[in-house]
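Reader: I've got a protein model open and I'm not sure where to begin. Can we go through it together?

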Amino acid sequence: TAAQGATRADLAVIARRAPEDRALTASYRALARLGARSGDFSRASRAIATRLESGTSDRGITRLAATGSVDAMLRGTTGGLNAGASVAGGATAGAGSVLGAGAQVTGGITGSLGGGIIP
């Protein structure tokens, strides 16, 4: 399941406190991640429920869960950290000869960076 390790009671806390029309997939995934990191699924579910009640978006909940901090989830801030950041890069090089005739170097870096603090 998306919230492996959580109890039915943990899932119910989120379901009861979420707006009626809100899909819970992102919240349950956040619970799995945050609960596994913190070791406290019960507190993590209450923190996510608090964010749901305050209108935090799925993206915001996902970012807060990525910090691994139940306190960050409760506060609703990443403390200036960008929990959603990811960077990947690579470079390759080849030499055409000992003298470097025809040598080429190519490389690239790609990344995605989200906002620093989520209200």
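Reader: How many salt bridges does the structure hold?

Author: Keep in mind that this is a predicted model. Side chains of opposite charge can pair when their charged atoms come close. One such pair here is Arg17 with Glu53, and another is Arg22 with Asp58. Counting them up, the structure holds three salt bridges.

Reader: Which helices does the salt bridge between Arg17 and Glu53 tie together?

Author: The two side chains meet with N and O at 2.9 Å. These residues are 36 apart in sequence, so the pair ties together separate parts of the chain. Those parts are helix α1, with Arg17, and helix α3, with Glu53.

Reader: Is Arg22 buried or exposed?

Author: Arg22 sits in the loop between α1 and α2, and its closest N–O approach to Asp58 is 2.7 Å. The cut-off for buried is under 20% relative accessible area. Arg22 has 19%, so it counts as buried.

Reader: What does the side chain of Arg51 reach at 2.9 Å?

Author: Arg51 is in helix α3 and is buried, at 10% relative accessible area. Among the residues it touches are Ile61, Leu64 and Met73. At 2.9 Å, its side chain reaches the backbone oxygen of Met73.

Reader: Which helix gives the most residues to the largest nonpolar core?

Author: That core has 18 residues, and Ile48 is among those touching the most other members. Helices α2, α3, α4 and α5 each supply at least two residues. The one giving the most, with five residues, is α3.

Notes: Residues are numbered from 1 along each chain as its sequence is written. This is a predicted model: local features need pLDDT of at least 70, side-chain atom pairs count only at pLDDT 80 or more; totals for chains, interfaces and linings use all residues. Side-chain values use heavy atoms; hydrogens and water are left out. A nonpolar core is a set of buried Ala, Val, Leu, Ile, Met, Phe, Trp, Tyr and Cys residues joined through side-chain atoms within 4.5 Å. Buried means under 20% relative accessible area, exposed over 50%, partly exposed in between (1.4 Å probe, protein chains only). Helices (H or I, at least four residues) and strands (E, at least two) are DSSP runs, numbered from the N terminus. Contact means heavy atoms within 4.5 Å. A polar contact is a pair of N or O atoms within 3.5 Å; within protein, one must be able to donate a hydrogen and the other to accept it, and residues adjacent in sequence count only if both atoms are side-chain atoms. A salt bridge is a side-chain nitrogen of Lys or Arg within 4 Å of a carboxyl oxygen of Asp or Glu. Lists of a residue's contacts leave out its neighbours within four places in sequence.
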